[in-house]
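Me: I would like a close look at one part of this model, namely a sheet and the helix that lies against it. Could you take me through that part slowly, and then set it beside the rest of the chain?

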Amino acid sequence: MAGICKFRSTIDISKKHCRHVFLKRLKMHLPLASCVMESHGVRYLSSGPDPDFLHESIIPTMHFQRSLPRLPIPKLVDTCRRYLASQKPLLTEDQFAHTKAMVESFRHNEGPDLDMLLRIEDKQNKHTNYISGAWFDMYLKDRQSIVLNYNPFITYNNDPRPENMDQLIRATNMVISAARLMKTMRANVLEPELFHLNPKKTDTDSFKRMASRMPESIASYYAILNKAFPLDMSQYFRLFNSSRVPLYGRDDFATDPTAKQVLAIRNGNFYTFDILDKDGNILPPSVIHANISYILQDGAPPPEHPLGFLTSENRNTWARLRQHMAGLSASNAESLRRIDTAMLCLCLDDVSPDTPESMTRHMLHGNGSNRWYDKSIQVILCKNGMMGVNFEHAWGDGVAVLRFFNEVYKDNSEKPAVGPDSQPANVDAAENVQSIRFDLDVAMKDSIQKARDGFHAMTSRLGVCAKQNFLFGRDYLKSTEISPDSLMQLSFQIGFYTLTGQTAPTYESCSTAAFKHGRTETLRPATMETKQCAMAFQKDSGVSAQEKRALLKACSDKHYGLTKEALMGKGWDRHLFGLRKLAERDFALPEMFTDPAYANINHIILSTSTLASPAVLIGGFAPVTPNGFGIGYGMNSNNLGVNITSYPESHSVDDFVECINRSWEDMYEVLSTTTAPPKKK
């Protein structure tokens, strides 16, 4: 207590002061090369005496959650300014003048009143942030299929031990590592999600001991003042034992942390087996090994009417069918409950994808019969040992999923529970594994067939193309003082301009997890700087290599500023989204929101996102508009890569990827043959 009293007597820890310091330091110091907050610098402690834990953190897992700063609402005048800046590269002079007049009218008339009401509601809901409720509604009220429209995927790198790439071995290790993560988190001994700006100072036992002694009401401020930034972990409890449940009009979640079973699907057949014993301990690896082995060897034929297709249906249709099915028998209702509350869904597939395109198709949607797309986490295990995660998006974002992804990969790699020499336990696995069967009437069978036809019609339209370039990578770009993320985003702008002669509405996901219940802000990478640069990199533009380099630097600097604003919750998208939802609920919609330019900028043609981790092999998602592209991308130390999807309404995905690759080559030639412009004083 003496240490705490001394701290309190020497530092002004008022919330106002700490929040000011937080905002200033976050603005100055968070990494800005990528829009994804990566989990760098976390040093894992050696495992404690409990083998069910990954590690035992000095700082309790949720220690910082209570004192996390709240997501700020930008000033209305700044939001309007930023919105117009994003509109400018997309509009003609006359269109821009019209939109500017509408924005000015909104800023002086309806805008201030709506903004004031939004701030009042925000103050009345200090347990969360101003966008959280509307953001959940956006996901849960949408009646579209969640397949392709929402669920993304990430594929694991190969296990560093090639002998452990066997499907049975990898599946067993995955389930056990996931259970260890679950138990570590629920025991409140999982390392909190912290970004260490100065790991030598804060990624230490002494800092952690001091931080753990701080009252939860000020713990985040203490960390921030020491340049360690806690991230929101409110989504983490839905990583396990959770599922989205279809309801008419608005879906909900089912989460039961007391449930002990894992759901496995093979050949469209459903199985569950307990992962924990009656005392809550993880069952011996040999028993889990035996259970999964039994499922893989089960000779049950695929069902004539695979139920998984229903989770790809329109949400109202699925809600009606689920209610009908649950009413057919008590066993149906109980089976649905076991599926909803299972720790995770393990999809054991008989295919062996071996190219980026085949991997994308398999992990993003698969054949529909061996999936349950409503589960928070589906782990997909292929015959060749390739493994990936497909996740339902309403409950959470990349920070939580990437933590799951990284922790499981690390534990699998360093402490595999089973290997090639491991033997399954001599138990009667048929007693441990429960096969799930459903009673279906004629109406349900017809509905499943209709869902199957719709699924195949939907997924067959998807185009996929991936490309890697080894000319240069993150390390080289850092040496040129060009942000790797800005260059990747610029390559999409140049590529699209080369393909179409146009600038496209573009979305880049940016985490706001530094704030309580923070999710994402939209970073708008299409700017006047990128438009000018795209024009300069066209063939026969007449722009010199040195001028092009200066344009590259201008784009990088602009992207740096936009990233900084988005990380701080100072983009324009979420603020205008909140104002529009408020107007739709209580008032007439302001004219600015009926402007065709507003609809156009929110009709995203280039939807982009990246997740950086040594555990990630490839990731991706479908386009968010029929004529758009879904762009997953990565920047490694010595190469760049994209994984892009499209629909027939869009331009050729192969041509687009080739234009992007050509832009990489052109930019590398400029960077390697010119000198960097002098730094501004």
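Reply: In this predicted model, helix α11, made of residues 285–297, lies across the strands β6, β7 and β8, and the helix runs at about 170° to β7. Of the strands that α11 crosses, β8 covers residues 345–348, while β6 spans residues 261–266 and β7 spans residues 269–274. Strands β6 and β7 run antiparallel and are joined by six bridges; within this pairing, alanine 264 has tyrosine 271 of β7 as its bridge partner. As background, the strands of a sheet pair through backbone hydrogen bonds, and they may do so in a parallel or an antiparallel way.

These strands belong to an open sheet of eight strands, whose order is β11-β7-β6-β8-β9-β10-β1-β16 and whose pairing is mixed. At the edges stand β11, residues 434–436, and β16, residues 616–620, and because each has a single partner strand, one side of each is left without a neighbour in the sheet. On average, and with direction ignored, neighbouring strands of this sheet are turned by 25° against each other.

A second open sheet can be read in the same manner, with six strands in the order β12-β18-β17-β15-β13-β14 and, again, mixed pairing. Here β12 (463–469) and β14 (520–523) are the edge strands, each with a single partner, so one side of each has no neighbour in the sheet. For this sheet, too, the average turn between neighbouring strands is 25°, direction ignored. Inside it, β15 (residues 606–609) and β17 (residues 629–635) run parallel and are joined by four bridges, with serine 609 standing opposite glycine 632 in β17. Helix α19, residues 484–500, lies across β13, β15, β17 and β18 and runs at about 145° to β17.

Turning to the empty space inside the model, there are seven cavities of 30 Å³ or more, and the largest cavity holds about 60 Å³ of space. Among the residues that line the largest cavity are Asp232, Tyr236, Asp397, Ser511 and Arg519, and its lining divides into four nonpolar, three polar and three charged residues.

Finally, an unreviewed UniProt entry carries the annotation "domain: Choline/carnitine acyltransferase" for residues 71–661. In the model, that span is 45% helix and 15% strand, and the C-alpha atoms at its ends lie 38 Å apart.

Key: Residues numbered from 1 in each chain as written. Predicted model: local features only at pLDDT ≥ 70, side-chain atom pairs only at ≥ 80, totals over all residues. Heavy atoms only, no water. Pairing = 2+ DSSP bridges. Helix = DSSP H or I, 4+ residues; strand = E, 2+ residues; numbered from the N terminus. Axes fitted to C-alpha atoms, helices over the stretch in contact; angles between N-to-C directions. Contact = heavy atoms within 4.5 Å. 1 Å grid on protein atoms, 1.4 Å probe; cavity = no way out; pocket = protein on both sides within 12 Å on 5 of 7 lines; lining within 4 Å. Points joined across faces, edges and corners; volume = space filled by probe spheres on them. Nonpolar A, V, L, I, M, F, W, Y, C, P; charged D, E, K, R; others polar. UniProt positions renumbered as here; feature names shortened; annotations may be inferred.
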